[in-house]
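Here's a quick briefing on the cysteines in this one. Have a look at the model, then run through the notes below.

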Amino acid sequence: SGNAPPGDIRVTGSTEFGNVCPGTTQEKTISICNVGQCNLTVSSVSLDTNCVDFVLVNNPFPAVVSHDSCVDVVIRFTPTMCGPKSCTLEIASDDPDQPVINLPVTANTPCPSIDVPPDLGFGPEVIQSAGACSTLLPFPISNKGDCNLVITNITIGGVNAGDFSLSGLPSFPVI
């Protein structure tokens with residue numbers, strides 16, 4: 001007779017990505033460890049199906065994790081839109097005490113914040129009786145957000161839009 005104690009799972013590493021800007025990629029590595037005396041069988045490691053911005057990179061599971069060893073899993077976050085993101089990483093094993101471990105995976109994608117002058121106006125002008133009269137006025141545009149702002153076009157609108165024109169526009173998109 002004998003005793004074959006089960007494996008004992010421990011998971012280390014952070015699943016909190018913090019702030020990540022759209023169009024960039026960040027990765028986190030977690031380690032699935034066996035601190036038991038015999039092998040641990042990890043049958044699956046998966047993310048919720050609705051976690052479109054998170055993916056597992058080179059997922060080695062299902063696999064057997066031997067005594068006093070760990071196997072790494074890499075989670076990649078590639079946000080496409082701003083705002084908070086969260087999902088669940090599920091780890092299933094034959095550990096009798098913790099057969100399923102659910103870890104929250106979270107990130108935030110800060111939104112860009114366009115800043116333009118609220119009341120940009122032209123001062124009084126002397127009207128010429130002959131020839132065209134024009135005044136140039138800079139129109140500053142800035143980003144007060146933590147992530148890149150992409151400007152794809154600038155137009156003039158409103159009731160008297162035909163009285164104004166834009167000059168010196170850069171090539172688009174402007175980041």
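With Cys70, we're looking at a partly exposed residue, at a relative accessible area of 44%. This is a predicted model, and it holds four disulfides. Three of those pairs are covered here, along with a cysteine that stays unbonded.

**Cys33–Cys70**
- Cys70 pairs up with Cys33, and the two sulfur atoms sit 2.0 Å apart.
- The S-S torsion for Cys33 and Cys70 comes out at about 105°, so this disulfide is right-handed.
- Cys33 is in strand S3 (residues 26-34) and Cys70 in strand S7 (residues 69-77), so the bond ties together parts 37 residues apart in sequence.
- Cys33 counts as buried, at 9% relative accessibility.

**Cys51–Cys87**
- Cys51 and Cys87 are joined by a disulfide, S to S 2.5 Å.
- Cys51 lies in the loop between strand S4 (40-47) and strand S5 (54-57), while Cys87 is in strand S8 (residues 83-93), so the pair ties together parts 36 residues apart in sequence.
- Both Cys51 and Cys87 are buried.

**Cys82–Cys111**
- The sulfur atoms of Cys82 and Cys111 are 2.1 Å apart, forming a disulfide.
- With a torsion of about 85° about the S-S bond, the Cys82 and Cys111 disulfide is right-handed.
- Cys82 is partly exposed at 37% relative accessible area, and Cys111 is partly exposed too, at 39%.

**Pairing and the free cysteine**
- Count the bonded cysteines in sequence order and the pairing reads 1-8, 2-4, 3-6, 5-7.
- Cys38 has its closest cysteine sulfur in Cys70, 17 Å away, which is too far for a bond.
- Cys38 is partly exposed, with a relative accessible area of 27%.

How values were computed. Residues numbered from 1 in each chain as written. Predicted model: local features only at pLDDT ≥ 70, side-chain atom pairs only at ≥ 80, totals over all residues. Heavy atoms only, no water. Disulfide = S-S within 2.5 Å. Helix = DSSP H or I, 4+ residues; strand = E, 2+ residues; numbered from the N terminus. Buried < 20%, exposed > 50% of the residue type's maximum accessible area, 1.4 Å probe, protein only.
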